[in-house]
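Let's take a walk through this model together, starting from one residue and then stepping back. Have the coordinates open in your viewer as you read.

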Amino acid sequence: MRVDVISIFPDYLAPLELSLIGKARRDGRIDLRVHDLRDFARDRHRTVDDTPYGGGAGMVMKPQPWSEALQHVAGSGADGARPRLVVPGPGGMPFTQAMARELAQEPWLAFACGRYEGIDERVYEYAADDLGLEVSVVSLGDYVLNGGEVAVLAMVEAVARLLPGVIGNAESLVEESHEDGLLEYPVYTKPAAWESAPGRTREVPPVLLSGDHHAIAAWRHQQRLDRTARRRPDLLHGSQAGARLGDFDVAVATAADAPEILTLSRACWVTEAQANESLVIPPLVETIEDTVAGIGQWTTWTVRGAGRLVGSVRGRVAPDDPTLWQIGRLMVAPDLQGRGLGRALLAHAEAAAPPGTAAYWLNTGVRSDRNLRIYRKAGYRVRAGEGSFPGTVDLTKPRR
Ligand code: ADE
């Protein structure tokens with residue numbers, strides 16, 4: 001990826017020579033070029049600002065140095081290529097992990113660091129209209145910095161670490177805060193018993209020493225839910241977790257949702273029992289304890305309309321394959337089936353798959369013709385042979 005940064009303080013960007021980003025530059029994975037805006041000023045004093053029309057405090061960045069700097073950068077690509085222009089500013093769209101992923105797909109980013117009261121508004125119009133750039137104003141958060149440079153350091157780091165080969169262990173990207181709408185679980189290292197003060201020993205949670213990978217995964221998932229509920233309840237009820245599907249609210253389930261999920265599962269899987277002539281189907285026979293445990297081991301979403309639970313789905317990284325995202329327990333209340341809600345829920349669960357996912361996985365009854373039709377239409381194909389459970393088939397779909 002090529003990255004250009006225009007700033008009146010080029011030295012501010014020096015930290016990008018350090019650590020993994022510095023290594024990525026030396027390895028040729030990132031071509032980072034920093035430009036001094038003052039080199040494009042025309043006067044002896046290399047002036048880049050002036051007083052604001054209409055009065056008010058502070059100074060405004062002049063259009064001329066910016067237009068020439070942007071023209072210089074935008075015109076330096078091969079074959080008419082153009083960068084996507086990102087202008088950091090407190091009045092921009094919030095910078096999120098989703099935006100970092102989006103920017104990581106771009107071959108070329110240019111950052112324009114404003115200072116003072118901001119850049120003359122006509123520069124944004126010029127960049128879009130005359131240079132043909134896609135311009136995004138992006139804010140690091142709801143506070144005011146002195147300029148865009150600190151924001152660029154943060155954004156370049158968040159984007160660059162998503163590029164192939166920048167982080168040695170791609171799996172370490174999987175279970176991080178904000179990748180799937182939940183905060184990360186707490187981590188521990190040796191010693192297992194640490195004497196933090198004379199006579200005061202702090203232990204690592206015993207489950208982490210148990211060697212039981214399923215128990216560890218369940219404990220970690222529960223920690224993520226608890227931590228998110230405590231520190232960032234807005235994530236559970238807002239943003240990705242709290243998306244709207246038509247008239248319905250989607251939220252990440254907690255143990256408190258288990259009784260309703262169990263009841264809806266029973267209602268939804270009766271037709272499966274009829275189609276497959278078997279009552280021994282997990283959603284029909286599991287106990288409330290099993291449902292609670294499932295919520296601990298998977299990310300489960302609930303769909304509610306006017307408070308009523310009308311649908312649910314769950315997803316998790318396959319315990320034995322970190323590239324496979326398993327989706328299960330897709331259910332829609334019988335009276336609301338056939339309206340596309342199931343398809344939308346499936347798409348929601350797919351969208352929650354962490355980076356590093358190569359394929360989605362589903363399982364359904366051999367004779368569940370309706371489900372099989374829906375899944376085929378959504379791009380899933382049946383895997384040869386028996387499914388993961390007797391009387392079932394597994395289906396997979398590559399992630400595009
Ligand atoms: N420049 C000044 N404040 C900023 C913020 N909050 N985010 C991005 N750039 C900024």
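In which strand does Gly 305 lie? The answer is β12, which covers residues 299-305. Keep in mind as you look around that this is a predicted model. Gly 305 has a relative accessible area of 14%, and because the cut-off for buried is under 20%, the residue counts as buried. What is Gly 305 in contact with, once its neighbours within four places in sequence are left aside? The partners are Phe 248 and Val 310. Phe 248 is the one to click on next: Gly 305 and Phe 248 are 57 residues apart along the chain, yet 4.9 Å separates their C-alpha atoms.

Now zoom out to the whole chain. The protein chain has 400 residues, and 47% of them count as buried. Its secondary structure comes to 12 helices and 17 strands, and the C-alpha trace spans about 85 × 65 × 40 Å along its principal axes. As for contacts between residues at least 6 apart in sequence, 67% of them join residues at least 24 apart. The pair Gly 305 and Phe 248, at 57 residues apart, gives you a concrete case to look at.

Let's do a sanity check on a helix. Helix α6 takes in the 19 residues 213-231, and at 1.5 Å a residue its expected span is 27 Å. The end C-alpha atoms sit 26 Å apart, so the model agrees with that expectation. At the N-terminal end of α6, Asp 212 acts as the cap, with a side-chain oxygen 3.2 Å from the backbone nitrogen of His 214. Which residues of α6 are buried? Among them are Ile 216, Trp 219, Arg 224, Leu 225 and Thr 228. A general point helps in reading such a list: an α-helix has 3.6 residues a turn, so residues three or four places apart point the same way.

Next, a helix pair. How do α2 and α4 cross? Their axes come within 9 Å, at an angle of roughly 25°. That makes α2 roughly parallel to α4, since angles under 35 degrees fall in that class. The crossing is right-handed. If you want to see the interface, select Pro 63, Trp 66, Ser 67, Leu 70 and Gln 71 in α2, which meet Arg 122, Val 123, Tyr 126 and Ala 127 in α4.

Another helix, α8, runs over residues 258-276 and holds Ser 265. Is Ser 265 buried or exposed? At 1% relative accessibility, Ser 265 counts as buried. Beyond its neighbours within four places in sequence, Ser 265 touches Pro 283 and Met 331.

Finally, some backbone details for anyone who likes checking torsions. Which peptide bond is cis, with omega near 5°? That one runs from Lys 190 to Pro 191, and Pro 191 lies in the loop between α5 and β8. Then look at phi. Tyr 116 is not a glycine, but has a positive phi of about 55°; this residue is in the loop between β6 and α4 and is partly exposed, at 37% relative accessibility. Arg 329 is another non-glycine with a positive phi, about 50°. Arg 329 is placed in strand β14, residues 321-332, and is buried, with a relative accessible area of 16%.

How values were computed:
Residues numbered from 1 in each chain as written. Predicted model: local features only at pLDDT ≥ 70, side-chain atom pairs only at ≥ 80, totals over all residues. Heavy atoms only, no water. Helix = DSSP H or I, 4+ residues; strand = E, 2+ residues; numbered from the N terminus. Expected span 1.5 Å × (residues − 1). Buried < 20%, exposed > 50% of the residue type's maximum accessible area, 1.4 Å probe, protein only. Polar contact = N/O pair within 3.5 Å; in protein donor to acceptor, adjacent residues only side chain to side chain. Axes fitted to C-alpha atoms, helices over the stretch in contact; angles between N-to-C directions. Parallel < 35°, antiparallel > 145°, perpendicular 65-115°, else oblique. Left-handed = near helix turned anticlockwise from the far one by under 90°. Contact = heavy atoms within 4.5 Å.
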